[in-house]
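I opened a fresh page for this chain. My plan is to look up the sheet, the surface charge and the salt bridges in turn.

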Amino acid sequence: MLEMRPDCEMCGVGLPAEAPGAFICSFECTFCAECAEDLDDRCPNCGGELVDRPTRAKALHAKYPPSTERKHKG
């Protein structure tokens, strides 16, 4: 199950699990669309490809809660 991290690691913008617009690598490093574009769709942490993160329906959040741990290093 994906962690569904709540923020962009680069700029800190919120990325709700139920909303489109997040990009992840195979290690689930998470970035917003703007930062992913600036990174040329390459993860700065591992060099992996950044791809669209799927969304998680809000109705499933109680049973499968998204992560609340923010990763932005600001």
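My entries on these topics follow.

**Entry 1: model.** I note at the outset that this is a predicted model.

**Entry 2: sheet.** I looked up the strand order. I find 3 strands in an open sheet, running β2-β1-β3. The pairing is antiparallel. Next I asked which strands stand at the edges. They are β2 (30–32) and β3 (51–52). Each has a single partner strand, so one side of each lacks a neighbour in the sheet.

I then went to the pairing of β1 with β2. Strand β1 covers residues 22–24. I count 3 bridges between β1 and β2, in the antiparallel sense. What stands opposite phenylalanine 23? I find phenylalanine 31 there, in β2.

**Entry 3: surface charge.** I looked for a patch of negative charge and found one on the surface. I list its residues as Glu34, Glu37, Asp38, Asp40, Asp41, Glu49 and Asp52. Which element gives the largest share of the negative patch? I traced that share to helix α1 (residues 33–38), which supplies 3 residues.

I picked glutamate 37 for a check, as a residue of helix α1. Its relative accessibility is 65%, so I enter glutamate 37 as exposed.

**Entry 4: salt bridges.** How many salt bridges does the structure hold? I get 5. I looked up several of them.

I began with arginine 5 and glutamate 3. Their side chains meet at 3.2 Å, N to O. Is arginine 5 buried or exposed? I have arginine 5 as buried, because its relative accessible area is 10%. Glutamate 3 is partly exposed, at 32% relative accessibility.

Next I took aspartate 7 and arginine 70. Their closest N and O atoms are 3.8 Å apart. I place aspartate 7 in the segment before β1 and arginine 70 in the segment after β3, so this pair ties together parts 63 residues apart in sequence. I checked cover on both partners. Aspartate 7 has 0% relative accessibility and counts as buried. Arginine 70, at 47%, counts as partly exposed.

I also looked up lysine 71. Lysine 71 forms a salt bridge with glutamate 69, with closest N and O atoms 3.4 Å apart. I enter lysine 71 as partly exposed, at 23% relative accessibility.

Last, I checked for shared partners. I find Glu3, Arg5 and Glu9 joined into one network by salt bridges that share partners.

Note on methods. Residues numbered from 1 in each chain as written. Predicted model: local features only at pLDDT ≥ 70, side-chain atom pairs only at ≥ 80, totals over all residues. Heavy atoms only, no water. Pairing = 2+ DSSP bridges. Helix = DSSP H or I, 4+ residues; strand = E, 2+ residues; numbered from the N terminus. Patch = residues over 30% accessible without salt bridge, like charges linked within 9 Å, V, L, I, M, F, W, Y side chains within 5 Å. Areas by Shrake-Rupley, 256 points an atom, 1.4 Å probe, with all protein chains shown as cover. Salt bridge = Lys/Arg side-chain N within 4 Å of Asp/Glu carboxyl O. Lys, Arg positive; Asp, Glu negative; His and termini not counted. Charge placed at Lys NZ, Arg CZ, Asp CG, Glu CD. Buried < 20%, exposed > 50% of the residue type's maximum accessible area, 1.4 Å probe, protein only.
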